[in-house]
Amino acid sequence: MNFDVAIIGGGLAGLVCGITLQEQGKRCVIINNGQAAIDFSSGSLDLLGHLPNGKQIIDFQQDYEDLVQQAPQHPYSIIGKEKVIEKVHQFEKLAQNLNLSLIGSFEQGNHFRVTPLGGLRPTWLSPNSVPSVKANNSFPYKKIIVLGVEGYHDFQPQLLADNLVQQTQFAHCEISTGYLNIPQLDQLRQNSREFRSVNIAQLLEHKLAFQDLVSEIKDAAKDAEAVFLPACFGLDTQEFFSTLKQATKLELFELPTLPPSLLGIRQHKQLTEYFKSLGGFMMNGNKVVKADIDNHKITCVYTQLHQEVPIKADNFVLATGSFFSKGLVAEFEKIYEPIFALDMFEQDNFNIKDRLTWTNSRFSSSQPYHSTGVIIDTHCRAQKDNQFFENLYAIGNIVGGFNGIELGCGSGVAIVTALVTAEKIGGK
């Protein structure tokens with residue numbers, strides 16, 4: 001099997017890279033081994049929420065130099081300010097073309113999205129169905145009701161309401177709570193393991209008396225000006241939720257629940273379908289197990305399901321993610337990248353072969369292992385034995401030098417590194 005580009009990993013980074021290359025006329029394959037982190041995400045895309053010293057970010061440009069000083073090996077620091085901003089704008093155009101229904105922009109700076117626990121998190125782009133506020137602006141509605149679903153434990157209305165009213169932007173709000181019964185869900189309630197957002201959405205789309213749901217929401221909302229719901233309505237796209245909002249004539253908002261998250265799943269499906277519509281080839285349920293390397297150049301890779309059939313390409317892109325998706329592996333003695341044995345990022349007192357340096361004794365503190373990953377150059381080429389590959393690139397959370405959880409930049413790094421790589425490959 002011969003391709004122009006073989007992308008290993010079908011999450012946000014892999015798909016954005018694949019889509020961009022397909023638009024450039026390259027023939028790409030994405031080798032995808034199961035679910036990606038995007039399926040468990042909030043649906044919002046973070047660029048940079050905080051600096052390593054804890055400072056909250058609103059304007060990326062204003063605080064970029066501080067990021068370079070505090071985290072010189074962060075992918076943004078390596079790639080450079082102008083290139084990062086260029087790729088951020090490029091993705092915003094792509095998101096508009098794909099109708100991803102996102103609000104926010106780089107020029108406006110970070111806004112704050114409401115979290116399922118009633119917090120406010122700075123972010124770059126959010127689904128337009130998610131409640132959000134800008135900087136110090138107050139939420140535009142005073143009376144809010146948070147509606148859960150009876151028997152559904154992955155969304156807690158009272159906890160959300162109690163925490164949200166403590167936020168300055170919601171201090172003026174009167175927040176009440178309630179529950180929807182939705183009789184069609186009774187069969188799911190009999191098995192709590194099946195009572196998840198995905199199962200609810202599947203059932204409601206196919207076996208729902210739609211007008212009954214509309215009436216129940218309107219009755220439960222009473223005199224509320226805004227209604228917050230768990231993201232359980234609309235599996236493949238936002239269309240079902242938008243139709244529900246139009247039918248109720250209420251200001252409905254949806255919030256991500258405990259994983260899996262419908263908001264992330266929708267984005268994943270939209271990106272995947274667009275990649276395929278461009279002629280991209282997906283190899284799902286498969287993973288790369290080994291590669292042939294000649295003079296620091298990848299010639300082909302082999303997969304678990306096709307161990308005797310080499311997949312050849314001019315360029316290879318590693319987008320396998322971090323520990324969650326097994327792009328990185330932690331054993332008792334060491335942390336490593338399992339396909340190419342790439343050089344791993346280490347800093348300060350963190351040593352990939354000394355597990356006592358991997359974690360902080362305080363659970364809520366920043367954990368050193370979150371910052372590890374493979375080493376890249378300004379073009380996102382991957383490094384092995386202190387030498388950068390000619391045709392192997394690493395993008396997304398497989399890259400080291402940053403803590404995406406602490407800094408709130410995982411999505412942004414995935415997007416920026418993907419687009420930088422696509423530009424480099426496309427220009428060859």
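Where is the place of Thr248? Thr248 sits in helix 9. This model is predicted, and Thr248 makes a handy way into it. Is Thr248 buried or exposed? Its relative accessibility is 3%. Buried means under 20%, so Thr248 counts as buried. The side chain of Thr248 reaches back to the backbone oxygen of Lys245, at 3.2 Å. Set aside the neighbours within four places in sequence, and Thr248 is in contact with Val214, Ile217 and Lys218.

Now go to the loop just before this helix. Gln238 lies in the loop between strand 10 (226-230) and helix 9 (239-248). Gln238 has 17% relative accessibility. That value is under the 20% limit, so Gln238 counts as buried too. What does its side chain do? The side chain of Gln238 forms a polar contact of 2.8 Å with the side chain of Asn128. Beyond its neighbours within four places in sequence, Gln238 is in contact with Ser101, Asn128, Ser129, Glu254 and Arg266.

One of those partners, Ser101, deserves a stop. Ser101 lies in the loop between helix 4 (81-97) and strand 3 (102-103). Its phi is positive, about 60°, although Ser101 is not a glycine. Ser101 has a relative accessible area of 30%, so it is partly exposed.

Asn386 also has a positive phi without being a glycine; the value is near 65°. Where is the place of Asn386? Look in the loop between strand 18 (381-384) and strand 19 (387-394). Asn386 reaches 69% relative accessibility. Exposed means over 50%, so Asn386 counts as exposed.

Another loop holds a different backbone feature. Pro259 and Pro260 are joined by a cis peptide bond. Omega there is about 0°. Pro260 is in the loop between strand 11 (251-255) and helix 10 (262-277).

Next, find Tyr141. Tyr141 lies in the loop between strand 7 (132-133) and strand 8 (143-149). Tyr141 counts as partly exposed because its relative accessibility is 22%. Which residues does Tyr141 meet, leaving aside its neighbours within four places in sequence? Tyr141 is in contact with His172, Cys173, Glu225, Ala226, Glu251 and Phe253. With Glu251 there is a polar contact between side chains, at 3.4 Å. Sequence distance and spatial distance are separate things here. Tyr141 and Val227 are 86 residues apart in sequence, and their C-alpha atoms are 9.9 Å apart in space.

Now turn to the nonpolar cores. How many residues are in the largest nonpolar core? It has 86 residues. Leu48, Phe60, Tyr76, Phe91, Trp124, Phe340 and Leu392 touch the most other members. Helix 12 (residues 410-426) supplies the largest share of this core, with nine residues. A second core, separate from this one, has 46 residues. Val149, Leu160, Cys173 and Phe240 are among them. Cys173 has come up before, as a contact of Tyr141.

Take Phe340 as an example from the largest core. Apart from residues up to four places away in sequence, Phe340 touches Ile8, Ala291, Ile298, Val301, Leu318, Lys384 and Leu392. Leu392 is also on the list of core members that touch the most others.

The structure has empty space as well. It holds one cavity of 30 Å³ or more. About 60 Å³ of space lies in the largest cavity. What lines the largest cavity? The lining is made of Leu47, Leu48, Ile57, Ile58, Asp59, Phe60, Ser105, Phe106, Gly109, Asn110 and Trp124. By class, seven of these residues are nonpolar, three are polar and one is charged. Leu48, Phe60 and Trp124 belong to this lining, and they also appear among the best-connected residues of the largest core, those that touch the most other members.

End the tour at a pocket. The second largest pocket has a volume of about 430 Å³. It is lined by 22 residues. Gln347, Asp348, Ser366, Ser371 and Glu406 are the closest to its centre. Eight residues of the lining are nonpolar, 12 are polar and two are charged.

Terms used:
Residues are numbered from 1 along each chain as its sequence is written. This is a predicted model: local features need pLDDT of at least 70, side-chain atom pairs count only at pLDDT 80 or more; totals for chains, interfaces and linings use all residues. Side-chain values use heavy atoms; hydrogens and water are left out. On a 1 Å grid over the protein atoms alone, a cavity is a set of points where a 1.4 Å probe fits but cannot get out, and a pocket is an open set with protein on both sides within 12 Å along at least five of seven lines; lining residues have an atom within 4 Å of a point. Grid points are joined across faces, edges and corners, and a volume is the space filled by probe spheres set on the points. Ala, Val, Leu, Ile, Met, Phe, Trp, Tyr, Cys and Pro count as nonpolar, Asp, Glu, Lys and Arg as charged, and the others, Gly among them, as polar. Helices (H or I, at least four residues) and strands (E, at least two) are DSSP runs, numbered from the N terminus. Buried means under 20% relative accessible area, exposed over 50%, partly exposed in between (1.4 Å probe, protein chains only). A polar contact is a pair of N or O atoms within 3.5 Å; within protein, one must be able to donate a hydrogen and the other to accept it, and residues adjacent in sequence count only if both atoms are side-chain atoms. Contact means heavy atoms within 4.5 Å. A nonpolar core is a set of buried Ala, Val, Leu, Ile, Met, Phe, Trp, Tyr and Cys residues joined through side-chain atoms within 4.5 Å.
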